[in-house]
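Here's a quick briefing to get you oriented. Have a look at the chain below, then read on for the main points.

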Amino acid sequence: MFANKPVYVENQVDFSTSESSIVYNGKLYFPGRDLEHGTELWVYDKKVGQARMVANYSAGNQSFGPSSFIEYKGKIYFYGSSSELYSFDDTTQKIEKVTLDNGSSLYLNTRSPLVALNGKLFCATKSGHFS
């Protein structure tokens with residue numbers, strides 16, 4: 001559906017590989033970068049032939065750096081540059097940080113992939129254990 005090579009949208013936003021993107025609900029979600037916002041979550045909708053930033057999650061040009069996308073239970077999950085886990089809901093268009101039941105952040109080993117298996121989402125923590 002989409003090429004596995006560098007793509008430049010409107011000569012301003014770019015992403016480098018399909019490893020850092022996901023096709024979900026017929027749209028390509030990817031970490032797009034521009035000078036004004038840094039690297040944020042972008043979406044390309046082939047039906048309308050245009051890309052747009054989903055949200056400027058990090059203030060100003062501080063990069064949010066989304067990576068390692070996976071679809072799980074109707075949302076897209078990914079790592080942010082702060083080594084925390086985030087979700088994006090295509091219906092509400094909201095990005096949310098995933099926290100533990102007590103409200104604590106999850107600090108993860110972002111070099112490890114996110115894996116969905118048997119109805120659960122697995123990820124490696126900084127201490128090397130799966131949660």
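Let's start with contacts, meaning heavy atoms within 4.5 Å. Of the contacts in the chain with a separation of 6 or more, 34% are between residues 24 or more positions apart. Keep in mind that this is a predicted model, where local features need pLDDT of at least 70 and side-chain atom pairs count only at pLDDT 80 or more, while totals for chains, interfaces and linings use all residues. Residues are numbered from 1 along each chain as its sequence is written, and side-chain values use heavy atoms, with hydrogens and water left out.

**The overall layout**

- The chain has 12 strands and 0 helices; both are DSSP runs numbered from the N terminus, with at least four residues (H or I) for a helix and at least two (E) for a strand.
- Out of 131 residues, 40% are buried (buried is under 20% relative accessible area, exposed is over 50%, and partly exposed is in between, using a 1.4 Å probe and protein chains only).
- About 7,800 Å² of the chain is exposed, and carbon and sulfur atoms supply 47% of that; the areas come from the Shrake-Rupley method with a 1.4 Å probe, and for residues only the protein chains shown count as cover.

**A hairpin**

- Strands β5 (residues 38-45) and β6 run antiparallel and are joined by 5 bridges (strands pair if DSSP finds at least two bridges between them).
- These two strands, β5 and β6, make a hairpin with 4 residues between them. In its turn, G49 has a positive phi of about 70 degrees.
- Across from W42 you'll find M53 in β6.

**Salt bridges**

- How many salt bridges turn up in the whole structure? The search finds 2, where a salt bridge is a side-chain nitrogen of Lys or Arg within 4 Å of a carboxyl oxygen of Asp or Glu.
- One of them joins the side chains of D90 and K27, at 3.7 Å from N to O. D90 sits in the loop between β9 (85-89) and β10 (94-97) and K27 in strand β4 (residues 27-34), so this pair ties together parts 63 residues apart in sequence. D90 is buried, at 14% relative accessibility.
- Another brings together the side chains of K97 and E84, at 3.5 Å from N to O. K97 is in strand β10 and E84 in the loop between β8 (75-79) and β9, so here the tied parts are 13 residues apart in sequence. K97 is partly exposed at 36%, whereas E84 is buried at 6%.

**Aromatic rings**

- There are 8 aromatic pairs in the structure. Rings of Phe, Tyr and Trp (its six-membered ring) pair if their centres lie within 6.5 Å; planes under 30 degrees apart are stacked, over 60 edge-to-face, and the rest tilted.
- Y29 and F88 make a tilted pair, with 5.4 Å between centres and 50 degrees between planes. The pair links strand β4, home of Y29, with strand β9, home of F88, across 59 residues. Y29 is buried at 1% relative accessibility, and F88 is buried at 0%.
- Y57 and Y86 have ring centres 5.3 Å apart and planes at 80 degrees, so they count as edge-to-face. Y57 is in the loop between β6 (50-55) and β7 (67-72) and Y86 is in strand β9, 29 residues apart. Y57 is partly exposed at 34%, while Y86 is buried at 5%.
- Both Y57 and Y86 belong to one aromatic cluster with F64, F69 and F78.

**Nonpolar cores**

- The largest nonpolar core has 13 residues, and Y29, L41, V54, I76, F78, F88 and I95 touch the most other members. A core here is a set of buried Ala, Val, Leu, Ile, Met, Phe, Trp, Tyr and Cys residues joined through side-chain atoms within 4.5 Å.
- At least two residues of this core come from each of β3 (22-24), β5, β8 and β9.
- Beyond its neighbours within four places in sequence, I95 is in contact with several residues, including L41, V54, F78 and F88.
- Another core lies apart from the largest one; it has 9 residues, among them Y77, Y79, L85 and L121.

**An exposed loop residue**

- Is E36, in the loop between β4 and β5, buried or exposed? E36 counts as exposed, at 59% relative accessibility.
- The C-alpha atoms of E36 and N61 are 5.3 Å apart, with their positions 25 residues apart along the chain.
- Leaving aside neighbours within four places in sequence, E36 is in contact with G60 and N61.
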